[in-house]
Amino acid sequence: MHRRHFLATASLPLLGCTPTREITGGFTGIAFERGHQLRDTRSWPAPSITHRTEVLIAGGGVAGLAAARALRLKGVEDFALLELEDSAGGNSRGGMVGGIACPLGAHYLPVPSDDAPEVQNLLEEFGLRRRVAGRWEYEERHLCHSPQERLFFRGAWQDGLLPLQGVGATTLAQYQKMATLVEQLRQQSRWTIPALKTPFTQVQHALAAITFAAYLAQNGLDDPQLLWYLDYCCRDDYGAGLTTVSAWAGIHYFASRHGFHAPGADSGERDSVLTWPEGNAWLTRRLAAPLGERLRTGQVVVRIAETRDGVEVDAYNSASHALERWQARRAIVALPVFIAARVVQNPPDFLTQAAGRTRYAPWLVANIHIDTPLHDRPGPAPSWDNVLYNTPGLGYVDAMHQSLQSVPGATVLSYYRPLGDVPDGRRLLLEKPWAAWRDEILAELGTAHPDIASKTRRIDITRYGHAMAIPTPELSSQIGLQRTLHLRQQLQKTQRLSFAHSDWAGYSVFEEAFTLGHAAA
């Protein structure tokens, strides 16, 4: 992973630690200055060169890569994909810290259901899924090894993420009530991933119109441990908590997957997930590999215009510092809707309306390289996902969890913090110094691991200013009302522009982005 010019200057001592040591690191993975060029009002120079291709894909995230794959499957080889960053993958890219692979964003993929045949086919192509004796099986090496998750709660670790240690009968009763409500809603409506394939019922319309917090209050659910867990789940998937996201989104988290299991009910097992040390970059790198020179990185798309004979796309080449023009028969706009609305000339109404109602969650991912295993508090052994109760972050995943090494050693802990509920979170993310983030993150994780600062060698921080669309009531309601229309509009509204990005689903997961990209091609 290419590191920015300021990375080398970010080696600072961590004050207040015993012993005091130097921890290197810095900001990496995102070229803010490239995207921010779109905010400039200056005129762009005349194009220095004109390229021609049959199909032009703008945006190399999961949707854009899925579109490129779908074109290849159709026999269309004359296309180009323009990507802003130095590598494709969007929020599903990976890096290396201390020689250890780690994610820069999304780090797992739930085993897809039959509602996502496009994703199932991809996994079969990559050798992750195969039919054995008439049944589909997944390659066990890529399924998350046990133990999968644990929670640091009341001074000790416990299995699972639902707080249990020392909770009373009232808390347990509310857990059971929540499980009952989710199961009732699963019986009343169909909940799928991708969600775009299923029309809303009246029940889902009603849920989309209110916040998850309002729904919980209406149903008398107010236990602090339950509310923390539900808020954590929303922040984990949507980048914002239960006072911000819609009730539809809050219920969808459980109803579309594993349900909500109260303690002692059934097995309480979660769905299987696929994961890799580099996270979902394992998938996006394989999607990008066949593209060769058709993948053009470091390209800032500044204009997309329909012409009489096709489309024109102007892109600023960050390497040559020149504007280049692309002419194509049609284009697939796999950009976030707020960027698409800015660069598409004379944007259609549905695009400007979508951009106006979409709110984004900033995210921070910190990859922490430790040289020796951490001292552990009482409770279950270290897991893949390790969460601390009632902290700003979402805990960390262990990049070496999937390894088969018999003796623990150096590893990278990937720490996640969503900022969708933080006032002026985007500005905070951009302006707060690396050293301040370093100290804050280590202090947070130090409540469970007092020795983490003394064992940390490096921290690389990746910042996403617009990481994902937040499924607010406004956004969920509009997508619910126009679900089928939205998908068809994107593909048929104009003859030459198709739109594909997880923003059109109203929330950001691999399955939504991939399915939309596949359909757009």
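## Strand S16 and its partners

Which residue in S22 stands opposite Val333? That residue is Phe499. Keep in mind, as you look around, that this is a predicted model.

The pairing behind that contact links S16 to strand S22 (residues 497–499), with three bridges and a parallel run. S16 itself spans residues 322–333, and it also pairs with strand S3 (residues 49–58). Here too the sense is parallel, this time over nine bridges. To find your way along this pairing, start at Ile49, whose bridge partner in S16 is Glu324.

## The hairpin with S15

Strand S15 (residues 311–317) runs antiparallel to S16, and seven bridges join the two. One pair to look for is Tyr316 with its bridge partner in S16, Leu323.

S15 and S16 form a hairpin, and four residues lie between them. Have a look at His321 in the turn: its phi is positive, at about 55°.

## Two nonpolar cores

Now for the nonpolar side chains. In soluble globular proteins, such side chains tend to be buried together.

The largest nonpolar core here has 134 residues. The members that touch the most others are Met178, Phe212, Leu230, Ile251, Phe260 and Ile304. Phe212 makes a good place to zoom in: setting aside neighbours within four places in sequence, Phe212 is in contact with Met178, Leu230, Cys234, Leu242, Val245, Ser246, Ala247, Gly250 and Ile251. A second core, separate from this one, has 26 residues, including Phe152, Trp157, Leu364 and Leu445.

Conventions. Residues are numbered from 1 along each chain as its sequence is written. This is a predicted model: local features need pLDDT of at least 70, side-chain atom pairs count only at pLDDT 80 or more; totals for chains, interfaces and linings use all residues. Side-chain values use heavy atoms; hydrogens and water are left out. Two strands pair if DSSP finds at least two bridges between them. A nonpolar core is a set of buried Ala, Val, Leu, Ile, Met, Phe, Trp, Tyr and Cys residues joined through side-chain atoms within 4.5 Å. Buried means under 20% relative accessible area, exposed over 50%, partly exposed in between (1.4 Å probe, protein chains only). Contact means heavy atoms within 4.5 Å.
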